[in-house]
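Colleague: I would like to understand the labels people attach to a model like this one. Could you show me the structure and let me ask how each label is earned?

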Amino acid sequence: PCWLVEDFVVAQECAPCTSFQEVSAAPRPPSTAPAPPLTGLPLLQKTILDCSPTGFIERINCASSKREEFKSCRSAVMEARVFWKFVGTMMGTAAVFAVLVVCRQRVLDRKALEKVRKQIESI
C-alpha cells in the first residue's frame, strides 16, 4: 500500500463499509446436482479487503504516486460505543463485588459477635 511509504490525503472520511464492499457473493444453497469446479475467486470473497479488520474504510490519495486506495480505519462513534460498553461492564462488575464484600463482612461480623458471646458466657 502506498500510504505506508508516502504521504497521503484523505479523500473520503472514515465510513462504514457497505454490504457490497464487505461480501461480494453469498454461499450457494446445497443441491443434489454436482457442484461446478471452483475457479477464480472463493465464494465469500471480500471486494475490499480493508473492510475486514474494523468494518470501516476511508479513501485516500497518495501524494507522489497519485494512486487512490482504501485504508481500514476506526470510527469515532464505534470507539465511543466500545468505551462506554467497557465502562458499563466495569461498573456492573464493581457493583457485584461491592455487594459480595458487604455480605462477607456481615458474615464475619456475626461470627465475631458469636465468638465474643460464647467467651462471655463461659466466665
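Modeller: Here is a short conversation about how the labels follow from the values, and the model is a predicted one.

Colleague: Gladly! What makes up the fold, read along the sequence?

Modeller: The protein has three helices and three strands, and along the sequence they follow the pattern β-α-α-β-β-α.

Colleague: How do you know which parts of the protein have the lowest and the highest confidence?

Modeller: The pLDDT tells us, on a scale from 0 to 100. The protein has a mean of 78, with 76% of its residues at 70 or more. Confidence is lowest in helix H1 (residues 19-22), at a mean of 68, and highest in helix H3 (residues 76-121), at 94. Over residues 24-46 the pLDDT is below 50, and this stretch has 15 contacts in the model beyond near neighbours in sequence. Where pLDDT is low, the predicted coordinates should not be read in detail.

Colleague: What makes the three strands a sheet, and in which order do they lie?

Modeller: Two strands count as paired if there are at least two bridges between them. Six bridges join E1 to strand E2 (residues 56-62), and five join E2 to E3. Both counts meet the cut-off of at least two, so E1 pairs with E2 and E2 pairs with E3. The result is an open sheet in the order E1-E2-E3, with antiparallel pairing. Strand E1 (8-16) and strand E3 (68-72) are the edge strands, as each pairs on one side only. From one strand to the next, the twist averages 25°.

Colleague: Which residues can I look at to see individual bridges?

Modeller: Try Ala15, whose bridge partner in E2 is Ile57. On the other side, Glu58 has Lys71 as its bridge partner in E3.

Colleague: Why is E2 described as largely enclosed?

Modeller: Five of its seven residues are buried, so the rest of the structure largely encloses E2. For comparison, buried residues make up 15% of the 123 residues in the protein.

Colleague: Why is Glu58 called buried?

Modeller: Its relative accessible area is 10%. Buried means under 20%, so Glu58 qualifies. This residue sits in strand E2. Leaving out residues up to four places away in sequence, Glu58 touches Val10, Gln12, Glu13, Cys14, Glu69, Phe70, Lys71 and Cys73.

Colleague: And what makes Phe8 partly exposed?

Modeller: Phe8, in strand E1, has a relative accessible area of 32%. The class of partly exposed lies between the 20% and 50% limits, so 32% puts Phe8 there. Apart from neighbours within four places in sequence, Phe8 is in contact with Trp3, Ile60, Asn61, Cys62, Ala63 and Lys71.

Colleague: How far apart are Phe8 and Ile60 in sequence and in space?

Modeller: They are 52 residues apart in sequence, and their C-alpha atoms are 6.4 Å apart. Across the protein, among contacts between residues at least 6 apart in sequence, 57% join residues at least 24 apart.

Colleague: What is notable about the backbone of Lys66?

Modeller: Lys66 has a positive phi of about 60° although it is not a glycine. You will find Lys66 in the loop between E2 and E3, a hairpin with five residues between the strands.

Colleague: Is Lys66 buried or exposed?

Modeller: Exposed: the relative accessibility of Lys66 is 70%, and the class needs over 50%.

Colleague: Why is the pair of Phe83 and Trp84 called edge-to-face?

Modeller: Ring centres must lie within 6.5 Å to pair, and planes over 60 degrees apart count as edge-to-face. The Phe83 and Trp84 rings have their centres 5.0 Å apart and their planes at 70°, so the pair is edge-to-face. The structure holds one aromatic pair. Phe83 is partly exposed at 44% relative accessible area, while Trp84 counts as exposed at 57%.

Colleague: Where does the transmembrane label come from?

Modeller: That one comes from a record: UniProt, in an unreviewed entry, places the feature "transmembrane region" at residues 82-103. In the model, the chain over residues 82-103 is 100% helix and 0% strand, with its end C-alpha atoms 32 Å apart.

Definitions and conventions: Residues numbered from 1 in each chain as written. Predicted model: local features only at pLDDT ≥ 70, side-chain atom pairs only at ≥ 80, totals over all residues. Heavy atoms only, no water. Helix = DSSP H or I, 4+ residues; strand = E, 2+ residues; numbered from the N terminus. Axes fitted to C-alpha atoms, helices over the stretch in contact; angles between N-to-C directions. pLDDT = per-residue confidence, 0-100. Contact = heavy atoms within 4.5 Å. UniProt positions renumbered as here; feature names shortened; annotations may be inferred. Phe/Tyr/Trp six-rings, centres within 6.5 Å; stacked < 30°, edge-to-face > 60°. Buried < 20%, exposed > 50% of the residue type's maximum accessible area, 1.4 Å probe, protein only.
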